[in-house]
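Dear colleague,

I am passing on a structure for you to look through at your own pace. Please open the sequence and the coordinates side by side, and then read the notes that follow.

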Amino acid sequence: MPTTSTFSPTCATIDLTALAYNLSQFRRILVPGCHLAAVVKANAYGHGAVETAKALIRHGVARVAVVSIDEGIALRQAGINAPIIVLGPLFQEQIQDLLAHQLTPVLSDRSVLPALARATALLPIPYPIHIKLDTGMGRLGLAEEELISLIESNGLPASLQLEGLMTHLADTDGERTDYTEEQLVRFNRTLKIIMARGLRIPLIHATNSGGAVRFPRAQFTMVRPGIMLYGYHTLPPSVPAPNLRPVLSLRTCVAQLRIIPAGGSVSYNRTFVAKQPTRIAVLPIGYADGFTRRLSNRGHVLIHGRPAPVVGTVCMDMVMVDVTAIPGVMVGDDVVVIGRQGQEEISANDLAAWADTIPYEVLCGIGPRVPRLYHAS
């Protein structure tokens, strides 16, 4: 977290009570005996990985998942001792750091296996790894034939313990279910062949938040919840979702007020030209903070509990809004970007709709210079 002054005009507030509530709601949909690895990659989807992981662990989460070695090291350096699964690719140059910080890799490329075997050969006990099977995501993972060949040829070194087998489902939030069903058929087929070889694999996992809700049989022995922990989902309306609470709110304040005359313009490239005298509030937040440039002349913020439309091109550090219709606005007034003010609310879903994206990108995009403030409501 960046060092901040005692006053920051723009900040994100993380409600740890809402986080715990979402965790409890998600646990209600799990089959008995199913474990979870809470996904805290990408700075816990913008919520702050260290504090979020610590809070989840306090509420009984046994392991967390990140995407990179660097993310795992940051958690270790913050004193987090729970198992950490690294979901992303592993490079030979990272193996020593992986072992030094006791991170659990996901093997998705067989070419790194010899180097990993050499590095673990002298360890007193086998080192845990997970293997990823590509069942149709077309991204990371071993092909079905490649994985079966590895197992049947006894190609897994004795210095490594196959703790987990995983895949990633590509379309759990789509309108149709057939592709997900095909992926699960492939995964189960490969799993059956591997188990027939006598291998015991404690952690079998295939799905994220939405998949765990929509496809209970894809839960296996572990699931990887991410976005639902933070209060959002992208399931189609036909699928009942858990009752969730947004964890993050994002606020700024009015930095300056000015009157733009009729014919006057606002911001770069004059994308907004006033048709009448217009009162403009300048806010100290921009695309460097995660308020994407795609919100130029789109969407609104809340001031005095009323919507103030974004006008002009969003700048790196500032955005302008029209407060002509909101009486009494003054410099220093509170501005809600994500969250509730009075009877009005803006969610990451709203920002995503205005920017033609998904709430994941909205939350992950909140920049590192925005301080995160944590509280339990």
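**Thr-172 and its surroundings**

If we leave aside residues up to four places away in sequence, Thr-172 touches Thr-180, Thr-207, Asn-208, Gly-210, Gly-211, Arg-214, Phe-215 and Leu-235. Please keep in mind while you look at these contacts that this is a predicted model. Thr-172 sits in the loop between β7 and α8, and with a relative accessibility of 5% this threonine counts as buried, because the cut-off for a buried residue is under 20% relative accessible area.

**The chain as a whole**

It may help to step back at this point and look at the whole protein chain, whose secondary structure comes to 11 helices and 20 strands. The C-alpha trace spans about 75 × 45 × 40 Å along its principal axes, and of the 377 residues in the chain, 51% count as buried. When we take the contacts with a separation of 6 or more, 66% of them are accounted for by residues 24 or more positions apart.

**The largest pocket**

Rolling a probe the size of a water molecule over the atoms shows where empty space is left. In this model, about 680 Å³ of space lies in the largest pocket. The lining of this pocket is made up of 29 residues, and those closest to the centre are Lys-41, Tyr-45, Arg-139, His-168 and Asn-208. Two elements, α2 (41–45) and α9 (209–214), each give two or more residues to the lining, and α2 gives the most, with three residues. Sorted by class, the lining residues of the largest pocket divide into 15 nonpolar, nine polar and five charged. You will have met Asn-208 already, since this residue is among those that Thr-172 touches.

**Helices α6, α7 and α8**

How do α7 and α8 lie relative to each other, roughly parallel or roughly antiparallel? The axes of helix α7 (residues 144–152) and helix α8 (residues 178–196) come within 10 Å and cross at roughly 10 degrees. Angles under 35 degrees count as roughly parallel, and therefore α7 and α8 are roughly parallel to each other. On the α7 side, the contact is made by Glu-144, Leu-147, Ile-148, Ile-151 and Glu-152, while α8 contributes Arg-186, Arg-189, Thr-190, Ile-193 and Ile-194. By class, this contact has five nonpolar, one polar and four charged residues. As you follow the numbering, remember that an α-helix has 3.6 residues a turn, so residues three or four places apart point the same way.

Helix α8 also holds Glu-182, which is partly exposed, with a relative accessible area of 37%. The C-alpha atom of Glu-182 is separated by 8.6 Å from that of Gly-136, although the two residues are 46 residues apart along the chain.

Helix α6 (residues 113–120) has as its buried residues Leu-113, Ala-115, Leu-116, Ala-117 and Thr-120. These buried residues of α6 pack against α5 (95–100), β5 (104–107), β6 (127–132), α7 and β7.

**Some residues in loops**

In the loop between α7 and β7 (160–166) you will find Ala-158, which is exposed, with a relative accessible area of 73%. The C-alpha atoms of Ala-158 and Ile-125 are separated by 9.4 Å, and these residues are 33 residues apart along the chain.

Most residues other than glycine have a negative phi, and most peptide bonds are trans. Against that background, please look at Arg-270, in the loop between β12 (265–266) and β13 (272–273), where phi is near 50 degrees and thus has a positive value. Asp-356 also has a positive phi, near 60 degrees, and is found in the loop between α10 (348–355) and α11 (359–364). With a relative accessible area of 65%, Asp-356 is exposed.

**Pro-359 in α11**

Is Pro-359, which has its place in helix α11, buried or exposed? Pro-359 is buried, with a relative accessible area of 5%. Not counting residues up to four places away in sequence, Pro-359 touches Tyr-232, Thr-234, Ala-348, Asn-349 and Ala-352. The C-alpha atoms of Pro-359 and Ala-206, which are 153 residues apart along the chain, are separated by 22 Å.

With best wishes

How values were computed. Residues numbered from 1 in each chain as written. Predicted model: local features only at pLDDT ≥ 70, side-chain atom pairs only at ≥ 80, totals over all residues. Heavy atoms only, no water. Axes fitted to C-alpha atoms, helices over the stretch in contact; angles between N-to-C directions. Helix = DSSP H or I, 4+ residues; strand = E, 2+ residues; numbered from the N terminus. Parallel < 35°, antiparallel > 145°, perpendicular 65-115°, else oblique. Contact = heavy atoms within 4.5 Å. Nonpolar A, V, L, I, M, F, W, Y, C, P; charged D, E, K, R; others polar. 1 Å grid on protein atoms, 1.4 Å probe; cavity = no way out; pocket = protein on both sides within 12 Å on 5 of 7 lines; lining within 4 Å. Points joined across faces, edges and corners; volume = space filled by probe spheres on them. Buried < 20%, exposed > 50% of the residue type's maximum accessible area, 1.4 Å probe, protein only.
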